[in-house]
Every structure is written in structure tokens, then in C-alpha cells.
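Grab a coffee and work through a few short exercises on a protein model. Try each task before you read the solution.

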Amino acid sequence: MSFLDDINATADGMMNKARASMEINRLNSAVNNENRNINNYYFEIGKKYVELHPQDFEPAFSDMVNAIRDAEGRISTYKTQIMALKGVQACPNCGAEVPISASFCNSCGTKMPEYIPAGMVKCPNCGQLVKEGTRFCTSCGNPFPQPEPAPEEAAPAEAAVDVPVAPVAEKVCPNCGAKVTEDMLFCVECGTKLK
């Protein structure tokens, strides 16, 4: 065998190895694609099963179904928090993001529900938003019904410690002595007009 024959044989061997390597990569890629397809089908089967059996699923699936429902609840809470931070709400008709202050959806025209921030309530008398738990509206003095207090359990007695406290000048209601702020028109404790 001549020197050129050796070079040709080596080159042919390298080409065959390169072709085999490319074919192996192609086949591995095909296997990976088919595995992805199978996983997608398993996912769709599971999703369809939960849709078809929302309450009557087999006991073996209860932990997984409950975990899915818990995760969906957390997702809903997170989305609501995101929308609040963005200053938008979802349209009840089309799901579009609409500014909180909008009266109508800018995508479909649906009347938007009034947005009341968490921790606030609307005064039924004047419509002003006030802090939840307030006894009287700070704009019109309208009293709010208060829930009955839960019976308190006796707390263990602690030794009283007298600590001198410097007096702080505060604005108080002239009627009941409750603490009030400069912007309040009515006392939140007794409803007395402040200004």
C-alpha cells in the first residue's frame, strides 16, 4: 500500500466517523424530541383528567390535585398583588388590564367595578374611603356598625414597671379625648365634629 493509499484510507475513516457522529447527534435529537412529546401528552392527560374529574378523582391523585389547587390559589393572589402594584385591575368581561380609576374597560367597554383598596371601606353615607375598623366616617361623621368583641382570656399578671414618660403634645377630641390627626373632620371614636 502506498503513502497516498494510507492517507486516503485515513481520510475515509475520519469521514465515516464524522458521518456516524452526525447521525448519532441527529438520532439523539430525535429521541429528545419524542421524549418531549411524550411528556407533553402526559401533561395534557393529567390536565384533562383534573378537568373531567374536579371532585370525583381517585384517592391516589388527591395530594397532587390539592397541590395544584393550592398553587393556583397562590398564583391568583400573586397576580392580584402585581396588578395592585401596577395600579390596574382585570376587566371582568375580557380580562384586559384597566387602570383602577377607570369607570369602563378601554378594550371592551364593560363597566368596571369600583376599586376599594385593601384595609379600606366606603362610607355608605358620603362615599368617602376610610380605614377599616373606624367607628365613624372622618368626612361626614356617619357611625359604622362595630363587630361584637370576642371574649378576652385572662392574661397572666405581669409585674408593673413604672417608666417615666415625657408628655407629648397631641391633638385630642374635645368630647371624648381620643387621639385625632390634623386632617380629620370628625372623631373616629365618638363622631364629634372637629373643625
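Below are four exercises, each with a worked solution.

A word on the ground rules: this is a predicted model, where local features need pLDDT of at least 70, side-chain atom pairs count only at pLDDT 80 or more, and totals for chains, interfaces and linings use all residues. Residues are numbered from 1 along each chain as its sequence is written, and side-chain values use heavy atoms, with hydrogens and water left out.

**Exercise 1. Work out which pattern the helices and strands follow along the sequence.**

Start by counting: the protein has 2 helices and 4 strands. Both kinds are DSSP runs numbered from the N terminus, helices being H or I with at least four residues and strands E with at least two. Now read along the sequence, and you get α-α-β-β-β-β.

**Exercise 2. Decide whether Y41 is buried or exposed, and find the patch it helps make.**

First, place Y41: it sits in helix α1, residues 3–52. Next, check the cut-offs: buried means under 20% relative accessible area, exposed over 50%, and partly exposed in between (1.4 Å probe, protein chains only). Y41 has a relative accessible area of 58%, so it is exposed. Finally, Y41 joins I38, Y42 and I45 in a nonpolar surface patch of about 490 Å². Such patches take residues with over 30% relative accessible area and no salt bridge; nonpolar side chains (Val, Leu, Ile, Met, Phe, Trp, Tyr) are joined within 5 Å, like charges within 9 Å. A salt bridge here is a side-chain nitrogen of Lys or Arg within 4 Å of a carboxyl oxygen of Asp or Glu. The areas come from the Shrake-Rupley method with a 1.4 Å probe, and for residues only the protein chains shown count as cover.

**Exercise 3. Trace what surrounds Q89 and M112.**

Q89 lies in strand β1, residues 88–90. Its relative accessible area is 11%, so Q89 is buried. The Q89 side chain reaches the backbone oxygen of I100 at 3.4 Å. Leaving out residues up to four places away in sequence, Q89 touches (heavy atoms within 4.5 Å) several residues, including M112.
Over to M112, in the loop between β2 (97–99) and β3 (120–122): its relative accessibility is 6%, so M112 is buried too. Among its contacts, counted the same way, are C91, V98 and C105.

**Exercise 4. Find which residues make up the largest nonpolar core.**

A nonpolar core is a set of buried Ala, Val, Leu, Ile, Met, Phe, Trp, Tyr and Cys residues joined through side-chain atoms within 4.5 Å. The largest has 7 residues: C173, A178, V180, M184, C187, V188 and L194. A second, separate core of 5 residues includes C91, A96, V98 and C105.

Terms used: Polar contact = N/O pair within 3.5 Å; in protein donor to acceptor, adjacent residues only side chain to side chain.
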